[in-house]
Amino acid sequence: GKGGMFRENSIETCILSMVKQITSPGTDEKTLISVLTERTNAQRQLIAKEYQAICGKELKDDLKGDLSGHFKDLMVALVTPPAVFDAKQLKKSMKGTGTNEDALIEILTTRTSKQMQEIGHAYYTVYKKSLGDEISSETSGDFRKALLILANGRRDESLKVDEQLARKDAQVLYSAGEKRWGTDEDAFTDILCLRSFPQLNLTFDEYRNISQKDIEDSIKGELSGHFEDLLLAIVRCARNMPAFLAERLYQALKGAGTDEFTVNRIMVSRSEIDLLDIRAEFKKLSGYSLYSAIKNGLVDTRGEGEGGTNWESSIDIYTLLG
């Protein structure tokens, strides 16, 4: 099973099996799927490393050459190191005309400080540019300032809470918004981007005591645009991150055409963190299972260019990840 003993001969068996599938005419997708999904992410990275040593080529390049459409994207994502995967997702959300702010917000609010630091290193390694510089050139104002703090991985990760600090921060937030003409955006940015999530939850309780309002209502009333969206996302993540990500999946899967970019990212990046919780929250939110929503979403998009190819194999992977 996942996480069990993973001996050298096991790696070689996996690689030989993959080489056979990739080089033979008509790839047996089920074999590829079982080799990659029955391993932890760390084990998949080990397979990818050994594959390159044995074959002299990168596994992801061979998968790209052999597969197509949505299934290809998903298989390549599975063999990409998590920090590199996130770096590429961030790049994708900032390149071309228009920035995908929702994707930027989702990634930067749901990763730990340690993960953000690793993503920053990976971004520089892959693109030879700093993530901070890229964010600076694609965003502006208070939104940019808050994103840069998150990108630097400076949020406190401690589980300890300080009641006195919570009362003080709640008062600062109240004085910065509800209590004055105009809003002191920096106060909101500093507290919401730097305090730990448990600390923020205590602060939000104190805030309600002082102002008789929920922090979300104050943010909606005092702030606007992408900056408002970002701070609301932080509040939702602090309160219940799986519920926040379930909502993102719900939005990606409803209506015409599935946002496969978002579905792939959440399913792959959360598969060993909180995907079971996300599935439970999705059911609570929508009344139906995440699996059935993905199945319906992918089936609906089949035939629309490349998006619908190999959809049955993609559904198999999502089921095994969850």
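Student: Axes are lines fitted to C-alpha atoms, for helices over the stretch in contact, with angles from 0 to 180 degrees between N-to-C directions. At what angle do α7 and α10 pack?

Tutor: About 35°, and the axes of helix α7 (residues 101-110) and helix α10 (residues 141-151) are 9 Å apart. Helices are DSSP runs (H or I, at least four residues; strands are E, at least two), numbered from the N terminus.

Student: Which residues make the contact?

Tutor: On α7 they are Glu 101, Leu 104, Ile 105, Leu 108 and Thr 109. α10 brings Phe 143, Leu 147, Leu 150 and Ala 151. Contact means heavy atoms within 4.5 Å.

Student: Any caveats?

Tutor: It's a predicted model: local features need pLDDT of at least 70, side-chain atom pairs count only at pLDDT 80 or more, and totals for chains, interfaces and linings use all residues. Numbering starts from 1 along each chain as its sequence is written, and side-chain values use heavy atoms, without hydrogens and water.

Student: OK, Asp 86: buried or exposed?

Tutor: Buried, because its relative accessibility is 5% (buried is under 20%, exposed over 50%, partly exposed in between; 1.4 Å probe, protein chains only). Asp 86 sits in helix α6 (residues 82-94).

Student: What does Asp 86 touch?

Tutor: Leaving out residues up to four places away in sequence, Asp 86 touches Ile 107, Arg 111, Ile 119 and Ser 269.

Student: And where is Glu 185?

Tutor: In helix α12 (residues 185-194). Glu 185 is partly exposed, since its relative accessible area is 25%. With the same sequence cut-off of four places, Glu 185 touches Asp 142, Leu 223 and Phe 227. Its C-alpha lies 9.4 Å from that of Leu 173, twelve residues apart along the chain.
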